[in-house]
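I opened the notebook to follow the strand pairings through this chain. My entries are below, in the order I looked things up.

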Amino acid sequence: MDLKPGDIVVLKSGGHPITVAEVTGDAVTCLWMGGEGDLFRETLPLAVLELAEIDNSDDEEDDKEDDEDEDEDDHEKSKVA
């Protein structure tokens with residue numbers, strides 16, 4: 001598995017998604033935010049990680065809502081002008 005900085009991975013045993021910061025040989029340095037907002041950094045063996053399957057459907061919904069908000073703002077501005 002070829003990982004690169006910015007990839008999102010999880011432990012093969014489960015857990016929360018974590019971000020790859022650096023890959024050096026068979027060692028992968030990962031970053032994640034804890035529940036209290038603390039930033040954690042740990043170097044893990046490549047063998048214990050797998051790419052995370054990210055569900056982007058929430059992002060698509062957010063994009064649609066943002067587009068609708070912009071349309072409403074444009075409509076309001078045209079009334080004022």
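**Entry 1: S1 and its partners.** I began with Val-9 and found its bridge partner in S2 to be Ile-18. The model is predicted, and I read every pairing with that in mind. S1, residues 8–11, pairs with S5 in the antiparallel sense, over 3 bridges. There Val-10 has Glu-50 of S5 as its bridge partner. S1 and S2 are also antiparallel, with 2 bridges. I then looked at the turn between S1 and S2. This hairpin has 6 residues between the strands, and Gly-14 in the turn shows a positive phi of about 110°.

**Entry 2: S2 and S3.** I moved on to the next pair. S2 and S3 run antiparallel over 5 bridges. I noted two facing positions. Thr-19 has Leu-31 of S3 as its bridge partner, and Glu-22 stands opposite Thr-29 in S3. The hairpin of S2 and S3 has 2 residues between the strands, and Gly-25 takes a positive phi near 65°.

**Entry 3: S3 and S4.** I counted the bridges here as well. S3 and S4 (residues 39–45) pair in the antiparallel sense over 7 bridges. Their hairpin has 5 residues between the strands; Gly-37 in its turn has a positive phi of about 85°.

**Entry 4: the whole sheet.** I put the pairs together. The result is an open sheet of 5 strands in the order S4-S3-S2-S1-S5, with antiparallel pairing. S4 and S5 (49–51) are the edge strands; each has a single partner strand, so one side of each lacks a neighbour in the sheet. I also took the twist, which averages 45° from one strand to the next. Along the chain, the elements read β-β-β-β-β-α from the N terminus. That makes 5 strands and 1 helix.

**Entry 5: Thr-29.** I wanted a closer look at one residue of S3. Thr-29 lies in this strand, which spans residues 27–33. Is Thr-29 buried or exposed? Thr-29 counts as buried because its relative accessible area is 10%, and the cut-off for buried is under 20%. In S4, its bridge partner is Thr-43. The side chains of Thr-29 and Thr-43 also make a polar contact, at 3.1 Å. I listed the contacts of Thr-29, leaving aside neighbours within four places in sequence. They are Thr-19, Val-20, Ala-21, Glu-22, Arg-41, Glu-42 and Thr-43.

**Entry 6: the core.** Which residues make up the largest nonpolar core? I found 9: Leu-3, Val-9, Ile-18, Val-20, Val-28, Cys-30, Leu-44, Leu-46 and Leu-49. S2 (18–24) and S3 each supply at least two residues of this core. I picked out Val-28 for its contacts, again not counting residues up to four places away in sequence. Val-28 touches core members including Leu-3, Val-20, Leu-44, Leu-46 and Leu-49. Glu-22, Val-23, Glu-42 and Thr-43 are also among the residues that Val-28 touches. I added a reminder on strands. In a regular strand, side chains alternate between the two faces of the sheet.

**Entry 7: chain totals.** I closed with the overall figures. The chain has 81 residues, of which 16% count as buried. About 6400 Å² is exposed, and carbon and sulfur atoms supply 48% of that area. Among contacts between residues at least 6 apart in sequence, 31% join residues at least 24 apart.

Conventions
Residues are numbered from 1 along each chain as its sequence is written. This is a predicted model: local features need pLDDT of at least 70, side-chain atom pairs count only at pLDDT 80 or more; totals for chains, interfaces and linings use all residues. Side-chain values use heavy atoms; hydrogens and water are left out. Helices (H or I, at least four residues) and strands (E, at least two) are DSSP runs, numbered from the N terminus. Buried means under 20% relative accessible area, exposed over 50%, partly exposed in between (1.4 Å probe, protein chains only). A polar contact is a pair of N or O atoms within 3.5 Å; within protein, one must be able to donate a hydrogen and the other to accept it, and residues adjacent in sequence count only if both atoms are side-chain atoms. Contact means heavy atoms within 4.5 Å. Accessible areas come from the Shrake-Rupley method with a 1.4 Å probe; for residues, only the protein chains shown count as cover. A nonpolar core is a set of buried Ala, Val, Leu, Ile, Met, Phe, Trp, Tyr and Cys residues joined through side-chain atoms within 4.5 Å. Two strands pair if DSSP finds at least two bridges between them. Axes are lines fitted to C-alpha atoms, for helices over the stretch in contact, and angles run from 0 to 180 degrees between N-to-C directions.
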